[in-house]
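Student: I would like to work through this model in questions and answers. Short ones, please.

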Protein chains: 2
Amino acid sequence: MRIGQLAQLVGVETQTIRFYEQQGLLPPPDRQDNGYRVYTEKHGEGLAFIRRCRILGLSLAEIHELQSYQDPHQPCTAVNALLDDHISHVRSQITALQALEKQLVSLRASCNDDREVEACGVLAGISEGNMHQQ
Amino acid sequence: MRIGQLAQLVGVETQTIRFYEQQGLLPPPDRQDNGYRVYTEKHGEGLAFIRRCRILGLSLAEIHELQSYQDPHQPCTAVNALLDDHISHVRSQITALQALEKQLVSLRASCNDDREVEACGVLAGISEGNMHQQ
DNA sequence: TATTGACCTTATAGTAGCTTTATAGTTTTA
DNA sequence: TAAAACTATAAAGCTACTATAAGGTCAATA
């Protein structure tokens, strides 16, 4: 399988595949005489694993870490710890965004569309700076 | 006021101020004979405005856009539209993260710490790929 | 007076996770 | 045979800074 076919199979761009190889997330495949990369089904699985992790919001570094835990007879404590960390990270992101939304909505409520910029409640609200940092 | 004082006043690094100037978000200040930048109170207000926008999660491009709306006698429709856009962006981020959290929690529930990697429910869950994309 | 330290200057590289562009060689199709 | 479609590498671009390097300026101290 060449890089374009693999890319289409998994739904990524060919450059992304080369990028993952360069970052050490995908093992370097064999090459044809012309230098073209040749992929096996294993590469496909590896690539799909990476993409699913990315969809779960894991960083490339975290994925790398997960890969290092793949030894079958290790306890999977570390895998679970990584996931727990990630979950709490996502939760704090949600909390922060909810606070932000509240702030934005109240800012937006301070103006209607019929005013001129001079009297714009939004710009005034930002400029006054009665904001809780973080 | 020199750059260091302005930085301390607003609570940013001096490099950040030079960066904003370079990006066209802060007007280039006058210089002393030795080349040092000299800032006025107006620059302080401008910088504080930028920082508050950043805390609200606006991108530098959005801030630039906001600045272009500062003409006092324009209607502030555009300002409100920008904010509305930003609010809906934040809301969709929240929704996405909540869905992600649910997925991560259910993935995490599929394994306990006493297993070996071979039987790890988390790794299996990712590899099976029964995931809703996005 | 020499020098130390705190400040200022510019230019450049690094961060994350790709995407885009440039340039060139290879294979497939019309 | 020539164009289209694919492959290769290398380097730059994206965001919003942060960090580093190498050097100029200034006030205070030894």
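Student: How far does a polar side-chain atom of A:Y20 lie from a phosphate oxygen of DNA strand C?
Tutor: A polar contact is a pair of N or O atoms within 3.5 Å; within protein, one must be able to donate a hydrogen and the other to accept it, and residues adjacent in sequence count only if both atoms are side-chain atoms. For the side chain of A:Y20 and a phosphate oxygen of DNA strand C, the distance is 3.0 Å.

Student: Which pLDDT values apply to this model?
Tutor: Residues are numbered from 1 along each chain as its sequence is written, chains are lettered from A and ligands numbered from 1 in the order written, and side-chain values use heavy atoms, with hydrogens and water left out. The model is predicted: totals for chains, interfaces and linings use all residues, side-chain atom pairs count only at pLDDT 80 or more, and local features need pLDDT of at least 70.

Student: Which side chain of chain A has a polar atom 3.0 Å from a base nitrogen of DNA strand C?
Tutor: A:R54 does not fit that description, as its polar side-chain atom lies 2.6 Å from a phosphate oxygen of DNA strand C. The base nitrogen of DNA strand C pairs with A:Y36.

Student: How much of the contacted part of DNA strand C is sugar or phosphate?
Tutor: A residue is near a strand if one of its heavy atoms lies within 4 Å of it. 19 residues surround DNA strand C, with A:Q15, A:N34, A:R54, B:G4 and B:R18 the closest. Of the strand C atoms within 4 Å of the protein, the sugar or phosphate share is 81%.

Student: Which element gives the most to the surface near DNA strand C?
Tutor: Helices (H or I, at least four residues) and strands (E, at least two) are DSSP runs, numbered from the N terminus. α2 (14-22) and α3 (41-55) of chain A, with α1 (3-10) of chain B, each supply at least two residues. The top contributor, with 4 residues, is α2(A).

Student: Where do the buried residues of α2(A) sit around the axis?
Tutor: Buried means under 20% relative accessible area, exposed over 50%, partly exposed in between (1.4 Å probe, protein chains only). In α2(A), A:I17, A:Y20 and A:E21 are buried. Their arc, taken from the directions from the helix axis to the C-beta atoms, is only 105 degrees, so they lie on the same side of α2(A).

Student: Why does B:E21 count as buried?
Tutor: B:E21 is in helix α2 (residues 14-22) of chain B. Beyond its neighbours within four places in sequence, its contacts (heavy atoms within 4.5 Å) are B:L26, B:P28, B:P29, B:R31, B:R37 and B:Y39. B:E21 counts as buried because its relative accessibility is 15%.

Student: What relation links chain A and chain B?
Tutor: Copies are superposed by least squares on the C-alpha atoms of residues with pLDDT of at least 70 in both. A turn of 180 degrees and a shift of 0.1 Å along the axis lay chain A on chain B with an RMSD of 0.4 Å. That is the relation of a two-fold axis.

Student: Which helix gives the most to the surface near DNA strand D?
Tutor: Side-chain N or O atoms lie 2.7 Å from a strand D phosphate oxygen for A:R18 and 2.6 Å for B:R54. α1 of chain A, with α2 and α3 (41-55) of chain B, give two or more residues. With 4 residues, the leading helix is α2(B).
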